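Open your viewer, get the sequence panel ready, and follow along. We'll go from stop to stop, selecting a few things each time.

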Amino acid sequence: MRVLTGIQPSGDLHIGNYFGSIKQMVDAQKENDTFAFIANYHAQTSVKDGKRLAELTMQSATDFLALGIEPEKSTFWVQSDVKEVLELYWALSSFTPMGLLERAHSYKDKTAKGIAANHSLFSYPVLMAADILLYQPDIVPVGKDQIQHVEIARDIAIKFNNEYGEIFKLPEYKIDAKVATVSGTDGQKMSKSYKNTVNIFGEEKKQLKTIKKIVTEQVALEEPKEYENCNVYNMGKLFLNENECKELQERYTRGGEGHGHFKLYLHDVIWEYFKPYREKRAYYAAHQDEVREILNYGAIKAKEIVLPMIEKVRSVTGIQY
Ligand code: ADP
Ligand code: TRP
């Protein structure tokens, strides 16, 4: 099965990104034909400082390689290294009703938050449709917030196919229900924009400080505590196996320990979990040329898939004359 996902290079990765997107992609590599790219054109909608975007692109490539994207198993590239995607974006635009984009939650949410409405923000789902349709994946693993964008890609593909025949395969999204929304330190959806993240590659002291800030209920030390709705437990659950979860539940219900103890435990669990990834990250950070080579190799592999597809599109739409 072919699986594809794009990840914006928009800053430090947090554990919501990891469980909602990256880990699914890494796990998918075992059995599938996987495609993962750094969506730097998409990031232009929010990052206007060019030097910063270039740095973030390399930082993200380094992070994803460290977290387990394997260039031999997956096709891993930077979106802008395969420029045909912009050509398809334009071809698809004529099959994208305005109403479809006007209904997009992500656009509505962003403008409601005061982000200035501009064309790239508005047409973002069309570029995402081009990302997807160009590679003909069966499955697109995403977090909950991106489901609608995959549906828009399907709608555009259907309209295009109605005109020209079965050119595009219709993609399906896949969501891991267990981690559809990872909560942040305040119990809301973890997001960079809400400043409630636990980052993957932060410093240890900073991580501990963040974890100590997790909102918990006030219960006396000796009293039993509820774990079901506890933000500390819910975060820990992502990292623990069944037995470890049970042990933690028992510690909550037994009483005699405060949330401070559970927070220290959570900090240790997260710090240990990412230890091998930190080591790998240090290697790639010191070997940026190797990272560039991997990306070049990925772009070559991606182009092999893309060229026959874009030629078909040029041909049916009459651009090839
Ligand atoms: P952020 O909200 O921090 O800006 P992004 O929008 O860059 O995160 O998301 C990158 C990927 O990570 C997307 O696939 C998104 O669905 C997933 N993701 C982000 N936050 C979460 C979360 N709290 N829980 C689950 N998945 C998430
Ligand atoms: N829009 C996605 C996000 O913000 C990133 C993305 C761009 C993507 N193109 C994609 C995800 C194609 C899946 C498939 O997270």
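A polar contact here is a pair of N or O atoms within 3.5 Å; within protein, one must be able to donate a hydrogen and the other to accept it, and residues adjacent in sequence count only if both atoms are side-chain atoms. Before you click, note that this is a predicted model, where local features need pLDDT of at least 70, side-chain atom pairs count only at pLDDT 80 or more, and totals for chains, interfaces and linings use all residues. Residues are numbered from 1 along each chain as its sequence is written, chains are lettered from A and ligands numbered from 1 in the order in which they are written, and side-chain values use heavy atoms, with hydrogens and water left out.

**Stop 1: ligand 1**

Select ligand 1 and then Asp-145: a polar side-chain atom of Asp-145 sits 2.7 Å from an oxygen atom of the ligand. Now add Lys-192, where a backbone N or O atom is 2.8 Å from an oxygen atom of ligand 1. Lys-189 is worth a click too, with a polar side-chain atom 3.4 Å from a nitrogen atom of ligand 1. On its own, ligand 1 has 540 Å² of accessible area, and the protein covers 88% of it (areas come from the Shrake-Rupley method with a 1.4 Å probe; for residues, only the protein chains shown count as cover).

Next, show the whole shell, taking a residue as near if one of its heavy atoms lies within 4 Å. There are 15 residues around ligand 1, and those that come nearest are His-14, Asp-145, Val-182, Ser-191 and Lys-192. Color the shell by class and you get 4 nonpolar, 8 polar and 3 charged residues. For that coloring, Ala, Val, Leu, Ile, Met, Phe, Trp, Tyr, Cys and Pro count as nonpolar, Asp, Glu, Lys and Arg as charged, and the others, Gly among them, as polar.

**Stop 2: ligand 2**

Which residues come nearest to ligand 2? Among the 13 around ligand 2, they are Gln-8, Tyr-124, Met-128, Asp-131 and Gln-146. Zoom in on three side chains in turn. An N or O atom in the side chain of Gln-8 is 3.2 Å from an oxygen atom of ligand 2. The side chain of Asp-131 has an N or O atom 2.8 Å from a nitrogen atom of the ligand, and a polar side-chain atom of Gln-146 is 3.0 Å from a nitrogen atom of ligand 2. Taken alone, ligand 2 exposes 370 Å², of which the protein buries 88%.

Switch to cartoon view. The elements giving two or more residues to this shell are β1 (2–7) and α7 (119–135), and α7 gives the most, with 4 residues. Helices (H or I, at least four residues) and strands (E, at least two) are DSSP runs, numbered from the N terminus. By class, the shell around ligand 2 holds 7 nonpolar, 5 polar and 1 charged residues.

**Stop 3: strands β2 and β3**

Select residues 74–78, which form strand β3; 5 of its 5 residues are buried. Buried means under 20% relative accessible area, exposed over 50%, and partly exposed in between (1.4 Å probe, protein chains only). In a regular strand the side chains alternate between the two faces of the sheet. Here Ser-74, Phe-76 and Val-78 point one way, while Thr-75 and Trp-77 point the other.

Add β2 (residues 33–38), which pairs with β3 in the parallel sense over 5 bridges; two strands pair if DSSP finds at least two bridges between them. Ile-38 stands opposite Val-78. Also in β2 is Thr-34, buried at a relative accessible area of 0%.

**Stop 4: two cysteines**

How many disulfides are there? The count is 0, with a disulfide being a pair of cysteine sulfur atoms within 2.5 Å. Select Cys-230 and Cys-245: the sulfur of Cys-230 has its closest cysteine sulfur in Cys-245, 12 Å away, so the two are too far apart for a bond. Cys-230 is buried at 6% relative accessible area, and Cys-245 counts as buried at 11%.

**Stop 5: two unusual backbones**

Most residues other than glycine have a negative phi. Pick Gln-136, in the loop between α7 and β4 (139–141), and you'll find a positive phi near 50°. Gln-136 is partly exposed, at 26%. Finish at Lys-195, in the loop between β5 (172–174) and α9 (204–212). Lys-195 has a positive phi of about 55° and counts as exposed, at 76% relative accessibility.
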